Amino acid sequence: MSRDRDPRTLRRPARSALIATSATALSLTASGCVVVHGEREILPSTTRAEAARALQEFTTAYNEADKAYDATLDADHTTGALADIDSARLKAGKANNPEGNPRHTPLKLTDAKFTIPKKAGWPRWFVADAAGNKGGTARWLLVFTRSSLDDPFQVAYLTLVAPEKVPQFKKDADGWAESVPVNSTDLATDPGDLSRTYATYLKSGGETFADGAHTSQWRALREKNGKKPGMVTQFIDEPLTNGDYAPLALRTTDGGALVFFTTRHYEKQTAYAGTSVPAPNKDVLALTKGEIKQSLTMEFVSNEVALDPKGPGKVTILGRIQGLTSAEGS
């Protein structure tokens, strides 16, 4: 592949990185006011009441943005992978429906359960597990993060998982969960390495991941779609691990971890000489720069949630949501 057509040369400005801010929390004691340094003290990431409020605020903003196809309406409530996916979806929707979403149905999240880790340092984060009126019986798993006490909680990860696949989390006597360091070595794969390992697996295969819809079956589908009459499709997969895309992990009761992580994917369709790439749908066209003649390169961002077992074993991808974020024709 020549350099001017290499999908890896396409880039979009990343969302602002999470900043490890030295914030302080004040707590009153009988002897007066005591300063607790949030970057050093092991504290719950938030209160259960604040977590519930963050979920409600996100849902309200998400519905307003979806109804109007206006990414500015929920920009303060999303970050990382979800922000990339959601803002591109809304941009395409606005281009094709300037008056708003004619198929809008408000998202309703009920039976919410909050898993809040007790940890030191930033970002502070928690997981909301709720039933939704979309996606069938799947549970909606939303990961809220913030980088300082002055920042609002924003959703960085959103995945849908079958109810029976959501694990039980390890909690202390007060009900607070345990955050797993990204460099933890007691798991099958370090959480910080999952994005890179997954990108490598999609290209070359291997034994790291259990077979399933997002691993062996996806690789088989891409192999099948790689060569069709009159066209060849190339795939490139890249890890995303910094700032808003940093992996986050919770300890499960069996000693493993539930890990949320992000990857970026490129799909380049190139037609043989004398032919052209099939016309994409209107949402893809809305996000496409340049004229589609002989090739179309599409960029996707994907957020995954995986069960990473303790010790030797295979990682299981429980859910994955992927969205087109940009495209370029040539």
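## Strand 7 and its pairing

R139, L141, V143 and T145 project to one side of strand 7, while W140, L142, F144 and R146 project to the opposite side, and all of these residues are buried. The model described here is predicted. In a regular strand, side chains alternate between the two faces of the sheet. Strand 7 spans residues 139-146, and because 8 of its 8 residues are buried, the strand is largely enclosed by the rest of the structure.

Strand 7 is paired with strand 6 (residues 124-132) in an antiparallel arrangement through 8 bridges. In this pairing, D129 stands opposite L141. The hairpin formed by strand 6 and strand 7 has 6 residues between the strands, and within the hairpin G135 adopts a positive phi near 85°. Strand 7 is also joined to strand 8 (residues 154-161), again antiparallel, by 7 bridges. Here L141 stands opposite T159 of strand 8. L141 thus has D129 opposite in the pairing with strand 6 and T159 opposite in the pairing with strand 8.

## Nonpolar cores

The largest nonpolar core comprises 19 residues, and the residues with the most contacts inside it are F58, L109, F126, L142 and F144. Helix 1 (48-68), strand 6, strand 7 and strand 8 are the elements that each give two or more residues to this core. Helix 1 supplies the largest share, with 5 residues. In soluble globular proteins, nonpolar side chains tend to be buried together.

With neighbours within four places in sequence left aside, L109 is in contact with L55, T59, A130, A131, G132, W140 and L142. A second, separate core contains 16 residues, among them V143, V166, F169 and A177. L142 and F144 are among the residues with the most contacts inside the largest core, whereas V143 is included in the second. Within strand 7, V143 points one way and L142 and F144 the other.

## Helix 3 and its surroundings

Helix 3 covers residues 194-204, and its buried residues are L194, S195, T197, Y198, A199, Y201 and L202. These buried residues pack against helix 4 (216-225) and against strand 11 (231-240), strand 13 (257-271), strand 15 (295-308) and strand 16 (316-329). Just after helix 3, G205 has a positive phi of about 80°.

Two packed helices are described by the angle between their axes and the distance between the axes. Helix 3 packs on helix 4 at an angle of about 45°, and the two axes are 9 Å apart. Helix 3 is therefore oblique to helix 4. The crossing of helix 3 past helix 4 is right-handed. At this contact, Y198, Y201, L202, K203 and S204 of helix 3 meet S216, W218, R219 and R222 of helix 4.

## T262 in strand 13

T262 is found in strand 13. Its relative accessible area is 0%, so T262 is buried. Apart from neighbours within four places in sequence, T262 is in contact with A81, Y157, S195, P239, L240, Y245, V301, S302, N303 and E304. One of these contacts, S195, is also a buried residue of helix 3.

## E164 in the loop after strand 8

E164 occupies the loop between strand 8 and strand 9 (177-178). Because its relative accessible area is 62%, E164 is exposed. Its C-alpha atom is separated by 9.3 Å from that of R139, and the two residues are 25 residues apart along the chain. R139 itself is one of the buried residues of strand 7.

## Backbone features

Most residues other than glycine have a negative phi, and most peptide bonds are trans. Y69, which is not a glycine, has a positive phi of about 50°. Y69 lies in the loop between helix 1 and helix 2 (80-96), and with a relative accessible area of 8% Y69 is buried. D111, also a residue other than glycine, has a positive phi near 50°. D111 belongs to strand 4 (residues 109-115) and is partly exposed, with a relative accessible area of 47%.

The peptide bond from W122 to P123 is cis, and its omega is near 5°. P123 is located in the loop between strand 5 (117-119) and strand 6.

Conventions:
Residues numbered from 1 in each chain as written. Predicted model: local features only at pLDDT ≥ 70, side-chain atom pairs only at ≥ 80, totals over all residues. Heavy atoms only, no water. Buried < 20%, exposed > 50% of the residue type's maximum accessible area, 1.4 Å probe, protein only. Helix = DSSP H or I, 4+ residues; strand = E, 2+ residues; numbered from the N terminus. Contact = heavy atoms within 4.5 Å. Pairing = 2+ DSSP bridges. Core = buried A, V, L, I, M, F, W, Y, C linked by side-chain atoms within 4.5 Å. Axes fitted to C-alpha atoms, helices over the stretch in contact; angles between N-to-C directions. Parallel < 35°, antiparallel > 145°, perpendicular 65-115°, else oblique. Left-handed = near helix turned anticlockwise from the far one by under 90°.
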